[in-house]
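This briefing covers the ligand shells, the domains, a sheet, a helix and a single residue. Please keep the sequence and the coordinates at hand while reading.

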Amino acid sequence: MKILVADKISPTGVEFLREQPDCEVIEAYGSSPEKILELVSDVDGIAVRSETKVTAEVIAAAPKLKVVGRAGVGVDNIDIEAATDRGIIVMNTPAGNTIATAELTFTHILAGTRPIAQADRSMKEGRWDRKILTGSELMGKTLGVCGMGRIGAEVSKRALAFGMTVLAFDPFLTQSRAQALGVEMVSFENLCERADYITVHMPLTEETKHMIDADAIARMKDGVRLFNCARGGIIEQQALIEGLKSGKVAAAGLDVYEGEPLDKDSELRKIDSLVLTPHLGASTKEAQENVGIEIAENMFKALTGGTVLNAINMPTVDPRDLKMLAPYLDLGEKLGTFVQQLSSGTVEKLKITYYGKIVDLDALPLSRAIQRGYLQKISGEAINDVNAPKKIASLGVEVDVIKSNKDCGYTELIEVEAIEDNGKTRSACGTLFGLGQEPRIVAIDGHGLEINTSGTLLVLKNKDVPGIVGFIGTSLDKDGVNIANLSLSRDQGMGYAISVYELDTAPSEATQKAITDHGGIEKFKIIQL
Ligand SMILES: NC(=O)C1=CN([C@@H]2O[C@H](COP(=O)(O)OP(=O)(O)OC[C@H]3O[C@@H](n4cnc5c(N)ncnc54)[C@H](O)[C@@H]3O)[C@@H](O)[C@H]2O)C=CC1
Ligand SMILES: O=C(O)C(=O)COP(=O)(O)O
């Protein structure tokens, strides 16, 4: 296995990777985009911070790539769409640098309150500017926090300790969480109107880009103070420059920029009431140890088939849950493959229903396993849990997942239905049997049977008349095909039966034709599990 460490991550993390058997590590900090394209040609993993851009071009140049690990939070430097299409896991370390970034933000808030940076500059220039370097106090002021996630919450705790009132704008924040934090939930407009200080802690998205623009600033109090230690572009740079120049914004602090590194000649560098740091939020010894070690360990786990933690493009499963889920994942994958091979028409919808004990488990990984199984035989590309939902959607197949409280007659049951555009539905139900948790298919198209979930299956719908089983047995015998098991389900009212023969090998074309031609056999399918 080969891992490219493209940005500077903690030496302890790099060392961890080096110590693993058969793990080659290439450290290439500060490489040009062209060099990165060369270096990724045979790597299984790439570890980055915010500097290296893992673009669609980089992903295309890395045919063996399986994991991109971000030692930090923001993944805006990684083309997640392109990675997901290729089934490449993108993972980050969501919590390792929270405190470091919250503390830097608070340092900025303090530096925007007491002119520390300006005083230092003046002292170094030989002056003693006691009169012009007057600040203000945080006590009794109102802080508006946009984005009350991990960092926003830590910043709020510190603000409350300083005697500030905290307003929160975050559409995903619950009232109970706001109450627990001791903050007041408000609209963005209300926050702009009431806050003396505003700090942003959200990802850069279409919604958050330029959220604080000239209009928002105009709505704010005169002398407002603004801070961005999240992502460049949440506060519109030009609007901030104008606000600071006019005095509407009394002070500001930035750690992140619309283009990084910040242009040497940027106007931002010339404004005295603006304190700048070069994207240092996560740059503490502690945070770098946290995220560097965590990403190295998690990348290694993912690359060696272990639990995938903190993936952006697939669900993370708690290792304890994974142990419980493992037999269901196998069953789910088989049911998906089975139903896809059973259906003949164009499938419009895949309906997955969980019954019994499974209802209490995390269904996301299981539903992905079923979709992966469904695609196994129809998609030429490598399908895994990362790209299965996207691939299935691109085929125009809608996926419906239902957790049902109906009694299904089993302790647990998974039903997978493929609904075709001709109105027909093909389905299979599966469960686990016995102490060994053996997977079994227990119904096909609503007919109860019991079949194993591996090998070659001959599935027949035939007239319920004498001689069919004998005919199949003789035909297979002539072909040298051994029958390992047989399961039958009769529907006397309708006069037909469903039968499934578990075979040791697949029958020849000639035998298949003979079966098709038999007048008593309505339909037959060879299914490979
Ligand atoms: N300066 C630096 O070195 C660092 C910067 N960061 C950046 O800080 C930001 C926040 O990080 P965390 O708190 O760890 O993330 P988080 O995911 O815990 O919190 C983000 C919060 O933003 C909220 N949010 C999303 N869209 C929103 C919208 N349209 N309006 C209002 N709120 C919205 C979410 O509900 C969530 O609560 C990220 O952009 C991250 O990349 C993180 C670490 C270091
Ligand atoms: O974790 C984040 O989102 C950061 O912005 C930190 O970036 P860095 O790892 O210091 O380049």
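Which residue in β9 is the bridge partner of L143? The partner is Y197. The model is predicted, and the points below are grouped by topic.

**The sheet**
- Seven strands, in the order β8-β7-β6-β9-β10-β11-β12, make up an open sheet with parallel pairing. Its edge strands are β8 (184-185) and β12, each of which pairs on one side only.
- Strand β6 (residues 142-146) runs parallel to β9, and 4 bridges join the two.
- β10 and β11 are also parallel, joined by 5 bridges. Within β11, V249 is the residue that stands opposite V224.
- β11 is mostly covered, with 5 of its 6 residues buried.
- Strands of a sheet pair through backbone hydrogen bonds, in either a parallel or an antiparallel way.

**Helix α5**
- The 14 residues of α5 should span 20 Å at 1.5 Å a residue, and the C-alpha atoms at its ends are 20 Å apart, so the expected and modelled spans agree.
- Buried positions in α5 are T98, A100, T101, A102, L104, T105, F106, H108 and I109.
- These buried residues pack against two helices, α7 and α12 (285-303). They also pack against the strands β9 (197-200), β10 (224-228), β11 (249-254) and β12 (274-276).
- An α-helix has 3.6 residues a turn, so residues three or four places apart point the same way.

**Ligand 1**
- There are 32 residues around ligand 1, and those that come nearest are G74, G147, G149, F172 and G281.
- Both α5 (98-111) and α7 (150-161) supply at least two residues of this shell. The largest share, 3 residues, comes from α7.
- Sorted by class, the shell around ligand 1 holds 14 nonpolar, 13 polar and 5 charged residues.
- Domain 1 and domain 2 each give at least three residues to the shell around ligand 1.

**Ligand 2**
- Ligand 2 is surrounded by R49, S50, G72, V73, G74, N97, H279, G281, A282 and S283.
- By class, that shell has 7 polar residues, 2 nonpolar and 1 charged.
- G74 and G281 appear in the shell around ligand 2, and G74 and G281 are also among the residues that come nearest to ligand 1.

**Domains**
- The domain assignment divides the protein chain into domain 1 (2-94 + 287-303), domain 2 (98-276), domain 3 (314-434) and domain 4 (455-529).
- The C-alpha centres of domain 1 and domain 2 are 32 Å apart.
- Contact between these two domains involves 4 residues of domain 1 and 5 residues of domain 2. On the side of domain 1 that touches domain 2, the residues are 2 nonpolar, 1 polar and 1 charged.

**A443**
- A443 belongs to strand β17 (residues 438-444).
- Is A443 buried or exposed? A443 counts as buried because it has 22 C-beta neighbours inside 10 Å, where the cut-off for a buried residue is 20 or more.
- Apart from neighbours within four places in sequence, A443 is in contact with A428, C429, G448 and L449.
- One of these contacts, A428, is 15 residues away from A443 along the chain, and the C-alpha atoms of the two are separated by 5.5 Å.

Notes: Residues are numbered from 1 along each chain as its sequence is written. Chains are lettered from A and ligands numbered from 1 in the order in which they are written. This is a predicted model: local features need pLDDT of at least 70, side-chain atom pairs count only at pLDDT 80 or more; totals for chains, interfaces and linings use all residues. A residue is near a molecule or strand if its C-beta atom, placed from the backbone, lies within 6 Å of it. Ala, Val, Leu, Ile, Met, Phe, Trp, Tyr, Cys and Pro count as nonpolar, Asp, Glu, Lys and Arg as charged, and the others, Gly among them, as polar. Domain bounds come from an automatic or database domain assignment. The expected span of a helix is 1.5 Å times one less than its number of residues. A residue is buried if 20 or more other C-beta atoms lie within 10 Å of its own, exposed if 12 or fewer, and partly exposed in between; C-beta atoms are placed from the backbone. Two residues are in contact if their C-beta atoms, placed from the backbone, lie within 7 Å. Two strands pair if DSSP finds at least two bridges between them.
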